[in-house]
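The following exercises practise the reading of local features in a protein model. Please attempt each task before turning to its solution.

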Amino acid sequence: MRDQVKTAYGGAVPDTPDPIAEAHRQWSVRWPEHADHMAAVTSVMRAQQLLLSRIEAVLKPHGLTFAAYEALRLLAFTRTGTLPMGKMGTRLMVHPASVTNVIGRLERRGLVGRAPSPDDRRVVLATITPAGRDLAEEATAALNEAGFGIAALPAERAAEITAALRAVRVSVGELAEG
């Protein structure tokens with residue numbers, strides 16, 4: 001049975017071959033030693049597009065992007081609800097400018113506050129507000145309810161994917177083996 005392609009609206013297009021499988025076939029003819037790597041990267045990129053679209057659809061009614069949700073959730077996880085913005089960038093694995101932009105938008109909505117650290121005025125602290133904490137909880141409940149966009153995927157398969165992607169992260173030097 002041929003793989004079917006899903007439209008942007010989520011429905012499978014009957015009798016449409018998987019474009020990644022076709023690209024793999026074409027690559028195998030021309031550059032067989034690279035075909036599997038190309039297909040793996042292309043598959044991850046396409047999966048990222050699909051999942052981000054689903055996640056953003058769940059978060060949109062809460063007025064959040066995934067980046068804003070991650071920042072709120074990170075602050076909500078902390079004991080005090082406060083983190084240095086530099087540490088947030090490290091934990092969220094994003095550029096400091098991205099953290100500044102996201103925190104600025106959340107601050108304008110009254111979901112976080114920003115202030116210099118009393119210990120080191122060069123450090124800027126972000127603190128989640130009660131409204132931000134409430135919104136983080138609501139959005140988390142919605143994402144959990146939606147199975148983070150992959151509810152139809154068994155938990156064991158999700159764990160396998162996480163392990164496989166960790167191996168990718170190790171192979172490109174983001175993480176140490178172990």
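**Exercise 1.** Is Ser-117 buried or exposed? The model under study is a predicted one.

*Solution.* Step 1: the relative accessibility of Ser-117 is 8%. Step 2: a residue counts as buried under 20% relative accessible area. Step 3: Ser-117 is therefore buried.

**Exercise 2.** Describe the surroundings of Ser-117.

*Solution.* Step 1: Ser-117 is placed in the loop between strand 4 (112-116) and strand 5 (124-128). Step 2: a polar atom of the Ser-117 side chain lies 3.4 Å from the backbone nitrogen of Asp-120. Step 3: apart from neighbours within four places in sequence, Val-123 and Leu-125 are in contact with Ser-117.

**Exercise 3.** Classify the aromatic pairs of the model.

*Solution.* Step 1: a pair of aromatic rings is described by the distance of the centres and the angle of the planes. Step 2: the count comes to 2 aromatic pairs. Step 3: in the pair of Trp-27 and Trp-31, the centres are 4.8 Å apart and the planes make an angle of 55°, and the pair is tilted. Step 4: in the pair of Phe-66 and Tyr-69, the centres are 6.3 Å apart and the planes are at 20°, so this pair is stacked; the cut-off for stacking is under 30 degrees.

**Exercise 4.** Compare the accessibility of the paired residues, and locate Phe-66 and Tyr-69 in their helix.

*Solution.* Step 1: Trp-27 is partly exposed at 31% relative accessibility, and Trp-31 is partly exposed at 41%. Step 2: Phe-66 is partly exposed at 24%, whereas Tyr-69 is buried at 4%. Step 3: Phe-66 and Tyr-69 belong to helix 3 (residues 66-77) and are about one helical turn apart, because 3 residues separate their positions.

**Exercise 5.** Over which ring does the charged end of Arg-73 sit?

*Solution.* The charged end of Arg-73 sits over the ring of Phe-77, at 4.5 Å from the ring centre.

**Exercise 6.** Examine the backbone angle phi of Met-93 and of Phe-148, and give the setting of each residue.

*Solution.* Step 1: most residues other than glycine have a negative phi. Step 2: Met-93, which is not a glycine, has a positive phi of about 60°. Met-93 is found in the loop between helix 4 (85-92) and helix 5 (96-108), and is exposed at 54% relative accessibility. Step 3: Phe-148 also has a positive phi, near 55°. Phe-148 lies in the loop between helix 6 (130-145) and helix 7 (155-171), and is partly exposed at 33%.

Technical notes:
Residues are numbered from 1 along each chain as its sequence is written. This is a predicted model: local features need pLDDT of at least 70, side-chain atom pairs count only at pLDDT 80 or more; totals for chains, interfaces and linings use all residues. Side-chain values use heavy atoms; hydrogens and water are left out. Helices (H or I, at least four residues) and strands (E, at least two) are DSSP runs, numbered from the N terminus. Buried means under 20% relative accessible area, exposed over 50%, partly exposed in between (1.4 Å probe, protein chains only). Rings of Phe, Tyr and Trp (its six-membered ring) pair if their centres lie within 6.5 Å; planes under 30 degrees apart count as stacked, over 60 as edge-to-face and the rest as tilted. A charge sits over a ring if NZ of Lys or CZ of Arg is within 6 Å of the ring centre and within 35 degrees of the ring normal. A polar contact is a pair of N or O atoms within 3.5 Å; within protein, one must be able to donate a hydrogen and the other to accept it, and residues adjacent in sequence count only if both atoms are side-chain atoms. Contact means heavy atoms within 4.5 Å.
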